[in-house]
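Good morning, colleagues. I would ask you to bring up the structure on your screens, and I shall then take you through it topic by topic.

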Protein chains: 4
Amino acid sequence: MPKPTFFNLPEDKRQRIVDLAIEEFATYGYRGASISRLVAAAGIAKGSFYQYFDDLDDLYRYLLHLGAEQKAQVLRSTPPPDPALSPFDTLRWMLRGSVGYEVTNPRLARIAYRALTGDGPSEAFVAEMRAALTGFYRDLLAKGIKHGHIDPGLDLDAAAFVLTSTLLPLSQYLLSRIDLEPEDLVRPDGPQTAAIEALLDGLLDILEYGMGSRSPRKDDSHG
Amino acid sequence: MPKPTFFNLPEDKRQRIVDLAIEEFATYGYRGASISRLVAAAGIAKGSFYQYFDDLDDLYRYLLHLGAEQKAQVLRSTPPPDPALSPFDTLRWMLRGSVGYEVTNPRLARIAYRALTGDGPSEAFVAEMRAALTGFYRDLLAKGIKHGHIDPGLDLDAAAFVLTSTLLPLSQYLLSRIDLEPEDLVRPDGPQTAAIEALLDGLLDILEYGMGSRSPRKDDSHG
Amino acid sequence: MPKPTFFNLPEDKRQRIVDLAIEEFATYGYRGASISRLVAAAGIAKGSFYQYFDDLDDLYRYLLHLGAEQKAQVLRSTPPPDPALSPFDTLRWMLRGSVGYEVTNPRLARIAYRALTGDGPSEAFVAEMRAALTGFYRDLLAKGIKHGHIDPGLDLDAAAFVLTSTLLPLSQYLLSRIDLEPEDLVRPDGPQTAAIEALLDGLLDILEYGMGSRSPRKDDSHG
Amino acid sequence: MPKPTFFNLPEDKRQRIVDLAIEEFATYGYRGASISRLVAAAGIAKGSFYQYFDDLDDLYRYLLHLGAEQKAQVLRSTPPPDPALSPFDTLRWMLRGSVGYEVTNPRLARIAYRALTGDGPSEAFVAEMRAALTGFYRDLLAKGIKHGHIDPGLDLDAAAFVLTSTLLPLSQYLLSRIDLEPEDLVRPDGPQTAAIEALLDGLLDILEYGMGSRSPRKDDSHG
DNA sequence: TATGAATGAGCTTTCATTCAT
DNA sequence: CATGAATGAAAGCTCATTCAT
C-alpha cells in the first residue's frame, strides 16, 4: 500500500499520478513499466516516488485495489432488484454495472484484465485471483441449480470456466469493437451503449441457453 | 525471422536454444525476457545470439511461428473424417489435436496464450492475432448456419467472441487443473486424458447447446 | 558541536538520540552511517536532525567528545593514591578506570577505537588523535625515567608505541573474550571482573618487565 | 574472486585497476569506496567493472588476498637461517620481510591493517582474521616456552595479545614516522632503513625482555 | 562463424539537504 | 522548534548492442 504521504497529496496531484501510472502499466505491462518514465511524465522528482510508494509493485497492487474498489462501488450503487434472481439475471445486472465501469475506465480495466491473464508479480498471484473469480461463478451456478434455473446435469467446472473465460475479456472486447477515444466516454443514451447492450444480450442468450434448465424450456418466458 | 546461421546450426544446439528461449519467455514474459540470461543458460556467446537473431523480438516471433507451425502439423496429421462436419464436430476434432499439442508443450502454449492476451511487441500485434482467430470462428459458424447446424438467429459476433474467449485459455486451464510436471507428459491412455476429455465434452455441450440449431427443438419461440 | 537546540532537549529524548547514534556508528562505521536510518530509528523528523546538528560529522565528533568526557569523569572520580606513582602504577590505576568504563560502554568504546585506527573524517584527524595519545604515554615514561622507575636506556619512541598499540585495543579485546550481552554489564564483583583483572595483570607485568628499570635486576648484560 | 576476464586483461591495465582500487579503499575505507569513482579514475566503463568483479566486495577481498600473497612471497624469498630459532629471532626475521614489504606497499598495507581493526564486510570477518593472527603468535610463544626461550610463567593470552596489538600497526606507525612519498620507496641502504631498524630493535628488545625466560637469564646459552 | 570484452544508457534505490508550514 | 514533503545527485547494477579477434 502507498505511504500516508501519498494520500496526503493534493487531490489533483494524486489523481495525476494515478492516471499516469495507469497509463504506464496499461501501455508497457507489469514488467515493462518504468519508474523513471513515470516520474518524468508526472513531473515529480524521482525521490518523491519513493516518498509515496515502496516500489513499482506497491503502486501496481494499489491500482488493482483501486479498480476493484471502484467497480464494487459502482455495483453497490445499484442494488439488485430481486434477492432471489436467477444466475443469469444476476449476471445481467452485474455486467451492466461492471462493463459500464470498465468501458469508462478502459486503461485500468486493461491492467486488471492482464493481471488475470499472466501479467503480474508472479504466476501464483495470477492463479489465486483467477481461482477466486471462477469460484464465484461456480457458486452462482450451484445456487441456480438449487432454484431450478440451471440444468442439474451441467458440468459445473466446465460451466464456471466458460463464464470466467467469456466475461473476463468482455469489456476489452467491447472496447475494441467501439472505437473509443480515452476522453470519449460512453454515455448512457449514446449509440455505443445500445450496441453494447445488444451484444451483451446476444452473449448472455448463448450462455443461458447453453446452461439453462432444459426440461421446462418450452414455457420459457424469457424469449 | 532468424538468420540462416541459426538454421545451419546442429540440430541439438538449435533445439537447446529454442527450449531455453521458450523457458525464458514463459517465465518472464515478453518484456521481462533477457538476452543475457538466455545466453548464459544456453552456454553460448553473447555475440552468437546476434549471429542467429536480429534481437529478442525476432526470436519471440519465431517461437510463436514455431508453435503455430507445430500445431498445424499435428492437425494435418489427423484429417477430419468428414468434409462437411458440423462446426462443433469440427471443433471437437480440432481441439483434440490442438489441446493435445498444447498440453504436451505447455511452456510454448503459455507464450502463445499470453501473446493473445496483451503480452507482446505492441497492442496492434495482439489485436491483429486475436482478430484472425475470431474471424476463423465466425466463418466456421456462418458455414454452420448454412448447413442448418447453427441457429440462424444467432448473434454471430457474440458467438465468435464466446468461442474465442473460451477456447483460447482452454489448455492453460486444463494444465492448471491437472498438476502436470514438465516431463510428465499426458499419454493418450492415461487418466488425465480421460479427465480432459470429460471436461472438453462438458464444455462443448454447453456451447453447442447454446448456439445450436433451435428449430428442431420442439416449439422454441425464441429463435 | 551540536546546536543549542539539542542541549535544550528533554533529557530522555536527547539520551535516546545519543544511544541510537552510537548504535548507528558502531554498526556501520563513520562512512556507512546514515542520517535517514538514524532518524527513522529515533522516531524524529528528518528536519529535526538539522536543528540539532550541522551534519553527521558534527554528531560523530560529539560522540567522541562525549566518550572522552565520560571516561575522564570516571578517572576523576577515583584520584590516584599517590602523586608520584611509578608509570605502571599510574597505568594500573588508569586502566582500572578506563577499561571499566569502556567495558560497560562497549559500543561507544568501539567507535573511539575505530576512530583511532583509520575510521573517521580524514587521515589527518586520525593521526592527530593518535599522536596525542602516544605523546601522553611518552611523557609518562619520561617522568618514570626521571624517578628511576624506567630503564634510562629505553627507546622512548618504541616504548610509547608499544603502550599505545597495546592499550588502545585492550577493551575491545576484553570485550571479545568475555561474551558480553549489551545489557549484561560487568559488575565489580562478578567473575568477569576477576578474569579481566588477571589478564590486565599479565599484560602490565610483561610491559613493566620489558620497560622497567633494569639496574636492580642483578647483572643483566642486556641493557 | 575476480572473473577470468580480469586476469585476461593486459598486464598494465590490470595493474592500473589494482593500483587505483588500492588507492580507493585506502582513502575511503571499505564502506566509503565507490565503484563510480574508481571506474572514472581508471578510465574504464562502468559495465566493464562488472565484467571483472562481482561487486566491490569481490574486489576488496581480492586485494586482501593479493597483499597476503605478496607478503608471503617476500617471506619465502629469504628463508629463516636456523630451523630452531627463538620466537623473537623468528619475529625479527619475519618483521624484516613483512615490514619491508608493507613499507614499500603502504596503501595496500593500510587496507589490510584496517581490515583487521574493524573495517570490512562484517564484524565476524574481522574477528576471524584477527583470531588467526593471535593464534599464530600464541603458538610461536608456546614453542618458545618448550625450548626455554620464553618464561614459562608467562600469561600466554596476554602475551599473544601484546604481540598482535604491537606488530599489527607496526608498519603503519613506521610509515607515519618516516615521511614517505608514495614513489619515494625505502631503499635497503637509505637512512630510513637504518631508522626503521633501530626502532624495530628497540621494540623487540622491550617485548623480548618482557616475555623472555627470566630465571636462567644470566647465562643465556640460547642466542 | 564463434567469441566475449567493451561500452554507456538506463534502471531502481538511497541519500543528505532544504524549506514551507 | 518540529515537521515531513520535495528534491536531484549519486549510488550499485543490468542491459542490449558492437566489434576486433
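A search of the whole structure, which is a predicted model, finds 50 aromatic pairs over all chains. I shall describe two of these pairs and one cluster. A pair of aromatic rings is described by the distance of the centres and the angle of the planes.

The first pair I have chosen is formed by Tyr173(A) and Phe161(B), which are stacked, at 4.2 Å centre to centre and with 20° between the planes. Tyr173(A) belongs to helix α10 (residues 170–177) of chain A, while Phe161(B) belongs to helix α9 (residues 156–167) of chain B, so this pair joins two chains. Are these two residues buried or exposed? Both Tyr173(A) and Phe161(B) are buried.

The other pair lies in chain B. Phe25(B) and Tyr60(B) form a tilted aromatic pair, with 5.1 Å centre to centre and 55° between the planes. Here the two rings link distant parts of the chain: Phe25(B) is in helix α2 (residues 11–32) of chain B and Tyr60(B) in helix α5 (residues 56–77) of chain B, and they are 35 residues apart. Phe25(B) has a relative accessibility of 5% and therefore counts as buried, the limit being under 20%. Tyr60(B), at 1% relative accessibility, counts as buried as well.

As for the cluster, ring pairs in chain A link Phe6(A), Phe7(A), Phe49(A), Tyr50(A), Tyr52(A), Phe53(A) and Tyr62(A). Please keep Tyr52(A) in mind, since Tyr52(A) is also one of the residues closest to DNA strand F.

That brings me to the DNA, and to strand F. How many residues surround DNA strand F? There are 32, and the closest are Thr5(A), Gln51(A), Tyr52(A), Gly47(C) and Gln51(C). By class, this surface has 13 nonpolar, 13 polar and six charged residues. Helices that each supply at least two residues of the surface are α4 (46–52) of chain A, α3 (35–42) and α4 (46–52) of chain B, α4 (46–52) of chain C, and α3 (35–42) and α4 (46–52) of chain D. The largest share, five residues, comes from α4(C).

Which parts of the strand face the protein? Of the atoms of DNA strand F within 4 Å of the protein, 60% belong to sugar or phosphate, and the rest belong to bases. On the phosphate side, an N or O atom in the side chain of Tyr52(A) is 2.5 Å from a phosphate oxygen of the strand. Ile35(B) places a backbone N or O atom 3.0 Å from a phosphate oxygen of DNA strand F. On the base side, an N or O atom in the side chain of Gln51(C) is 2.7 Å from a base nitrogen.

I turn now to DNA strand E. Around this strand there are 34 residues, of which Gly47(B), Gln51(B), Thr5(D), Gln51(D) and Tyr52(D) come nearest. Sugar and phosphate account for 59% of the atoms of DNA strand E that come within 4 Å of the protein. The surface near DNA strand E divides into 14 nonpolar, 13 polar and seven charged residues. Its largest share, five residues, is supplied by α4(B).

Three individual contacts deserve a place here. A side-chain N or O atom of Gln51(B) lies 2.6 Å from a base nitrogen of DNA strand E. Ile35(C) has a polar backbone atom 3.0 Å from a phosphate oxygen of the strand. A polar side-chain atom of Thr5(D) lies 2.4 Å from a phosphate oxygen of DNA strand E.

Finally, let me consider how the chains are arranged. Chain D can be laid on chain C with an RMSD of 0.3 Å by a turn of 179° and a shift of 0.0 Å along the axis. These two copies are thus related as by a two-fold rotation axis. The same surface serves both copies, in that 98% of the contact residues of chain D recur in chain C. Which residue of chain D comes closest to the rotation axis? That residue is Gly210(D), at 1.7 Å by its C-alpha.

Other chains remain apart. No contact joins chain A and chain C, and their closest C-alpha atoms lie 13 Å apart. Chain A and chain D do not touch either, with their nearest C-alpha atoms 20 Å apart.

Note on methods:
Residues numbered from 1 in each chain as written. Chains lettered and ligands numbered in written order. Predicted model: local features only at pLDDT ≥ 70, side-chain atom pairs only at ≥ 80, totals over all residues. Heavy atoms only, no water. Least-squares fit on C-alpha atoms with pLDDT ≥ 70 in both. Contact = heavy atoms within 4.5 Å. Near = heavy atom within 4 Å. Polar contact = N/O pair within 3.5 Å; in protein donor to acceptor, adjacent residues only side chain to side chain. Helix = DSSP H or I, 4+ residues; strand = E, 2+ residues; numbered from the N terminus. Nonpolar A, V, L, I, M, F, W, Y, C, P; charged D, E, K, R; others polar. Phe/Tyr/Trp six-rings, centres within 6.5 Å; stacked < 30°, edge-to-face > 60°. Buried < 20%, exposed > 50% of the residue type's maximum accessible area, 1.4 Å probe, protein only.
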